[in-house]
Amino acid sequence: MTTYEMNPSLREDILRAIEFNYNGIYKKGSYINDIECPSCEKKEAFTNHNNPWVIKCGRSNNCGETHHAKDLFKHLFESWTERYEPKTEAEKLKNPTAVADGYLKDGRGFDLINVRGWYTQEYFFKSDINEGSTTVRFPMPNGYWERVLDKPQRFGKQKARIVGSNKGLVWQAPIFSLKELSECDEIYITEGIFDAISWIHADKVAVSNLSSGNYPNLFLSNLLKQCPQGKRPTLVWAQDGDRAGSKAILKFVALAEKDGWTCRAAQPPAERNNYDWNDLHQLKRMGEKDIDLYLHLGDLLLAPNASEKALLMYTRQERREFWFTYDSRLYWFKLDMDAYDREVQSFEIPESGLTPAQREQALKRAGMVTCICNAIPMPLYFQSNYVTDESWYYFSIESQDGKITKQPF
């Protein structure tokens, strides 16, 4: 995330909330230390005193969790107009997007220098509840997309809305013309506009298809017309990390490859908080090493079979045995070292002299992949009855037909 100074009133509110909720803090230099970690509850977390966006646990080996202030203190990030609206008419005329600016800067972590002019500040009123809110609006080819800024829960599914048809189209930042996009090496395609802007902040070219149900066929058709002869950008499908997003990636990759596009995927890590790309941007987790991991997770999603997925996992972590999931099944991988040694010896050169292709061939032949369950069990919680001396472990069971059930064992 960028290092600009946050809004002074927001900063003071966050500092008070940290002190009230996570006792025993003190200022040392530029940092506040001895914060009680929201995850492990040990007083070893810290944050920047001038810009307390992220609280990070100092117990790297035992916890190391990071928490954004927006997630810890949601009530401080609900009424943007109240905090950012200019007090006089003259100030409003001077800065007509002040509230939207504050939201994008302090609520989404964007550098306004990068996004200025991409949006307007508008107002949405819902007559049936007789309430309204300031919005930030991004133009689309056939309409616009806008996000409600003040207590969006009041508007239910209308906290963000599309006016006009976006079917087959994408939102693209004004800095990218279709011609410029056609000459890129790769284009990241995200669900949300804020996710696309987060990738742009990470120096990637990104557009948004706005929905996991919207395959941007019209955009790709128009893009292809601009592509140099025999050269197309690689499409990196960076949809959300939930089930809908993953299913969309698999569907979109099949459609795009059928039309001659080269595709990759990027996936957020599967974590308790279910972070999206904008969350990861604000947590400062969109660096080169982070992106390398997200592309690896995308490669795992696109693996054509269980054996290929196991090989990708092994080459990254080099554990001889591990479990993994594929196509709603649970598998076990084991590398037979004797078999691997025989495969290496068959090349009649030392292992250090093997080419990547030869090493991959040896691993494929020596790696054993076994299906150990035709569903995916995930532990949920433990429950016990001390009166009857009974206890149960509850699991969610994902079957091959896509259904998820909860079962006690």
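Before anything else, a definition: a residue is buried when its relative accessible area is under 20%, exposed when that is over 50%, and partly exposed in between, with a 1.4 Å probe and protein chains only. Helices (H or I, at least four residues) and strands (E, at least two) are DSSP runs, numbered from the N terminus.

Okay, what are we looking at? It's a predicted model, where local features need pLDDT of at least 70, side-chain atom pairs count only at pLDDT 80 or more, and totals for chains, interfaces and linings use all residues. Residues are numbered from 1 along each chain as its sequence is written, and side-chain values use heavy atoms, leaving out hydrogens and water.

The overall picture, then. The protein has 15 helices and 20 strands, and its C-alpha atoms fill a box of roughly 80 × 70 × 45 Å along the principal axes. Of its 409 residues, 44% are buried.

Let's go to helix H1, residues 8-21. Its 14 residues should span 20 Å at 1.5 Å a residue, and the end C-alpha atoms are indeed 20 Å apart; the expected span is 1.5 Å times one less than the number of residues. So which residues of H1 are buried? They are Leu10, Arg11, Ile14, Leu15, Ala17 and Ile18. These cover an arc of only 160 degrees around the axis, so they sit on the same side of H1; that arc is taken from the directions from the helix axis to the C-beta atoms. On the other side, Pro8, Arg16, Glu19 and Phe20 are exposed. The buried residues pack against several elements, including strand S2 (31-35), strand S3 (45-48) and helix H5 (98-107), with contact meaning heavy atoms within 4.5 Å.

Now jump along to helix H13, residues 306-317. Its 12 residues reach 17 Å from first C-alpha to last, close to the 16 Å expected. Buried here are Ala306, Lys309, Ala310, Leu311, Met313 and Tyr314. Their cover includes helix H12 (288-302), strand S16 (329-335) and helix H15 (356-366).

Last stop, the backbone. Most residues other than glycine have a negative phi. Glutamate 41, though, has a positive phi near 65 degrees. Where does glutamate 41 lie? In the loop between S2 and S3, and at 56% relative accessibility it counts as exposed. Aspartate 203 also isn't a glycine, and its phi is positive at about 65 degrees. You'll find aspartate 203 in the loop between helix H8 (193-201) and strand S12 (206-208), where its relative accessible area of 72% makes it exposed.
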